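Q: Hey, can you pull this one up and walk me through the fold and packing?

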Amino acid sequence: FMKSKLSILCFCILLFGSSALFAGPREDVIKELNQSSSAASSDGASSWKQFFEACIEITPPPMVMSDSFNMSTVWPGMESWEEVSDWAKQNEHIEVAFAEAAKRAIIGLPYGSEHVPANFREAGVYAEIGVDDRLHAFDFAYVQMVELACLCATAEMYRLFENGETDRAIQLMISEFIVLRKFCDREFLKEQLTFMPLLGDALENARDMFYRYKDNLSAIQFRSIAMDGIPNLETDATSLLMPEGDRIVGKALLLELFGANGVADPAKFREVLTDIQADQELLARAGASRYWESIALVHRGRDDSLARLNKIYDDWWRRWKMRSFHPQLEMDSELEKSNPVKYAAVSMVVRNIQELFTQRDLLTVEINGTAVSASLCGYFNHYGKYPSHLKKMYAQLLHRKSNVDALNSLPLRTDSDWELYAFSAGPFHYRSVDKNIKIETIRGNVSVNKGQCLLYSVAIDDEDNRGLNAGQDFILWPPLKSLERNAGLLE
């Protein structure tokens, strides 16, 4: 009897050990991802279940989402506004969904389609890793559901403003900002590069609403938006973290490419790296197989390759935490310094995150520019005119830290001059307009009339072009979208 019990125990241990041993790289990756700060939490701290359940309940919109019908194109002046307004009213529950999700610490949607309920999978609410047994292939299908929710929320905001329900509209606006900002904390580069511009679109819509409904809002309401709501959308290095999911997948991919002795496996190099390259370059598959087989013969070993991968990401982390315009940011990154032959596999599995630095700066400009725009509206509603200088709004209507243009470099003779400044970048460019001016846009010229004001960022080129060309400067106020609609250049 004792021998029988011992045999059963040994069998169970063997069975458990075998299942762990053959779990596979995908399962290991997903397990590590779901232990990350953006996915691991208690039900009380995460909002993904209740938020996406509400999204699934959204009735079909009057038109299919497209480049001509999305959160950036919907507004009361559109041709089918009545149908869109009725649709938004039918789905008022999305207002509660955003408000509740904004209160939770994280979104927390787990990675791997097997970790969400069946009805979520059927509705396309999942973040799949390893599509078709290809570990490098991702399917963040849930993004489309978020875009639908934002379309619905935007239409509802406009409907509420049109009906004079300004408090509800403002609450929904701030909740949408906060929820999208939480989505920016997801673990993959592709996710962050999707949600940063999406939050930027929401902020652009808000400026259009400020412009259209300025007379309906009080100075106190604008002050609350500028000083209490928007400043919570922090994008500094300790608040908005660099994504780590691509490093985790990259490490697992590299481990696949080497044998037990740590030497490159030509067959694996050919199979895995050809597939990755073909995804990036559609016509590359024909000659890539032979190339990767030959590379395997001269490639550095597994341990050196993993060390190089970590060195690349550690370098990016250092850069992520540096202040804007730090001289070291102009130096070659560890990815650029990597030997293109001996570390070819590392360069192939690494996702270059340089674009993320630019998107973070652009998002910071959108956030700060929207806060300043709200305070300008509040100042106008209180004093009947725009201020001669932004400093006049500090403390009462605007935090000083919001008047920072992340794209505007500070004048530094030497790097030690950095200590002279309280902020990492210069202020926005602003002036009150004493005569009518024209701004050139890609769709045509628009006018800013005497008595108005002009707020703009220097944009990526870090050059002040007086805000007279939307292709050279980033026009924040008056909102470019509003000016183009008023001029009949944009439907």
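A short back-and-forth on the overall build, the packing and the charges follows.

Q: What kind of model is this?
A: It's a predicted model.

Q: OK, how many helices and strands does the chain have?
A: There are 18 helices and 7 strands.

Q: And how does the radius of gyration compare with the globule rule?
A: The chain comes out at 26 Å, close to the 23 Å from the rule for 491 residues, so it is as compact as a globular protein of that length. Along the principal axes, the C-alpha trace spans about 90 × 60 × 45 Å.

Q: How much of the chain counts as buried?
A: 52% of the 491 residues. On the outside, the chain exposes about 23,300 Å², with carbon and sulfur atoms supplying 52% of that area.

Q: Which residues touch the most other members in the largest nonpolar core?
A: Phe51, Phe52, Ile129, Tyr142, Phe177, Phe269 and Leu376, out of 143 residues in that core. Helix 7 (residues 142–162) gives the largest share of this core, 15 residues.

Q: What does Phe52 touch, leaving out residues up to four places away in sequence?
A: Leu109, Phe120, Val125, Tyr142, Met145, Val146 and Phe183.

Q: What lies apart from that big core?
A: Another core, of 9 residues, including Val446, Val448, Ile475 and Leu483.

Q: Switching to charges: how many positive and negative side chains are there?
A: 52 positive and 69 negative, and the centres of the two sets lie 5 Å apart.

Q: Last one: what share of contacts between residues at least 6 apart in sequence join residues at least 24 apart?
A: 70% of them.

Key. Residues are numbered from 1 along each chain as its sequence is written. This is a predicted model: local features need pLDDT of at least 70, side-chain atom pairs count only at pLDDT 80 or more; totals for chains, interfaces and linings use all residues. Side-chain values use heavy atoms; hydrogens and water are left out. A nonpolar core is a set of buried Ala, Val, Leu, Ile, Met, Phe, Trp, Tyr and Cys residues joined through side-chain atoms within 4.5 Å. Buried means under 20% relative accessible area, exposed over 50%, partly exposed in between (1.4 Å probe, protein chains only). Helices (H or I, at least four residues) and strands (E, at least two) are DSSP runs, numbered from the N terminus. Contact means heavy atoms within 4.5 Å. The radius of gyration is taken over C-alpha atoms; the globule rule is 2.2 Å times the number of residues to the power 0.38. Accessible areas come from the Shrake-Rupley method with a 1.4 Å probe; for residues, only the protein chains shown count as cover. Lys and Arg count as positive and Asp and Glu as negative; His and the chain ends are not counted. The place of a charge is taken as NZ of Lys, CZ of Arg, CG of Asp or CD of Glu.
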